[in-house]
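Me: Here is a structure that I am meeting for the first time, and I would like to see how each label placed on it is earned.

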Amino acid sequence: MPEPFRVILFIIFVMAFAGLNAAYLVWCERKGAGHIQRRIGPKEVGPFGLLQPIADGIKLMTKQLFLPKGADPILFMAAPLMVMVPAIMSFMVIPFSETFVAREVNIGLLMIFAFASVNVLGLLLGGWGSGNKYAVIAAARCVSQNIAYEIPMLVTAITMVMVTNTMNLNEIVRSQAGWFFHWHIFRLDISLLMPVAFLIFFVCTLAETNRAPFDMAEAESELIAGAYTEYPGMGFGVFFMGEYANIVIGCALSVILFLGGWQSPVPFHPAGFLGVIWGLFWFLTKLYALIFTVIWIRWTYPRTQFYVLLNLSWKVLIPISLFNLILTALQIKIFPWL
Amino acid sequence: MVPLFSAEGLSSLVFIFIVMTTVLGAVIATHSERLTRAVTGLAICFIGVAGIYYYLNSPFVALMEMLIYVGAVCVTIVFAVMLADPNPESEAGKGSIFAGPLSFALGILLFWGLSALAGKTAWVPPSARVNDGSLEEVGRSLLTNYSMAFELISIVLLLAIIGALVLARQGRTRTGGES
């Protein structure tokens, strides 16, 4: 297949993937929340409530796009797009399987971080543009949180780049081939703190995507719905889809960097088309296991206080991630034969 | 005239689009009444500049432009605006009548100077420096040829951090003393 057509097909796939994920992760979230809280969750619309996301989507789309008084019309409407578009762009470099990737970019890791950083600007302008006090407070909180957690996340990512010598996500996955103890999270011979690095990265993912227990951007018991307070209908819907797309990207990145990406736990990889499906199966299994953990955490832990949140990043995560960086560098240089 | 649906025609089209984005962003940044909108214009302008870097075959610099300028600088500016200026309707002061013609003349001078420089420079053919924007090359030149500039920037950042700390500490002791 010629390259442009392949990329266009991939763009369609990625949009469908992002949309379906947003729709059905909401369903998973509600079902998970239900069962964790000894309820049933959605069950009326379709079997097991499986058509609930479609009903929700229709409801959101039929609502009037109402512009609140005092809002900045351009910023208010542009902000949801600034969350959604970069999220979709990031999907272009994620290797779902060895050959199942839109573009194998040399600096794919950097590309994901570059686009993810626009996300904050979208939330900030959305909160500011709606001209609502609660939204502005939420936006301010969101920015300090995102800046604080971006640092340990990037430092951990730099450590991983140092270990793998590349920013190409597919190469990073290839370097973890073989048994499951070749995945980076188990490579204690590269860095003694590897599991801790994974934990830091995962916690930062939770914080960067504004998930509980760090969901300061929409702390509903304090700030109504935070930055989303004034958003009607699909304005809110697009924000929500962007948030779920970001969760998927964050978890995908954790899987690629630490859990072996599309590598299976045993050294077996069939050739040809079957190999693509095999890789896809393992990637999606790990991805959804992590996403389930994210949902699980949300319904298990209460929201933290804002100061606790900032202290955790500045006083715990950043020093540990910096120490990990130095330790890994020393271990790579002093014991290169390991 | 290059036909539109060829590799060269399409890439020129992309180039024109990128430049238009940059100019549009810059115009929004300088001409909006509200500061937040101006910062959004600045963000658009930075995205355009990142596009130009990408067009010049250095995706690493382009993505760094996105990460640092859009993701960090613009966010910090909006944050500062939010902290400093709760009233977005504040009017920008009117400049004197000479401001317009003067800036126009300066702009023309700058444009002429840059064009003359571009015309006079002996450009290296692009094929000879196709790897200049790659991650390895940027890293190597930062730690060899431009290490002095690199170190100076880190001193500037250190000073900024110390300044911020001093300001923040003063604020803390003052409120502590009052309460």
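The exchange below takes up one helix and then the interface between two chains.

Reply: This is a predicted model, in which local features need pLDDT of at least 70, side-chain atom pairs count only at pLDDT 80 or more, and totals for chains, interfaces and linings use all residues. Residues are numbered from 1 along each chain as its sequence is written, chains are lettered from A in the order in which they are written, and side-chain values use heavy atoms, with hydrogens and water left out.

Me: How do you know that the span of helix 5 of chain A is close to the one expected?

Reply: Helices are DSSP runs of H or I with at least four residues, numbered from the N terminus, and the expected span is 1.5 Å times one less than the number of residues. Helix 5 (residues 118–129) of chain A has 12 residues and reaches 16 Å from its first C-alpha to its last, close to the expected 16 Å.

Me: What makes helix 5 of chain A mostly covered?

Reply: Buried means under 20% relative accessible area, with a 1.4 Å probe and protein chains only; 12 of the 12 residues in helix 5 of chain A are buried, among them Asn119(A) and Trp128(A).

Me: How many salt bridges does the rule find across the interface of chain A and chain B?

Reply: A salt bridge needs a side-chain nitrogen of Lys or Arg within 4 Å of a carboxyl oxygen of Asp or Glu, and the rule finds 0 across this interface. Helix 5 of chain A gives the most to the side of chain A that touches chain B, with 6 residues.

Terms used:
Helices (H or I, at least four residues) and strands (E, at least two) are DSSP runs, numbered from the N terminus. Buried means under 20% relative accessible area, exposed over 50%, partly exposed in between (1.4 Å probe, protein chains only).
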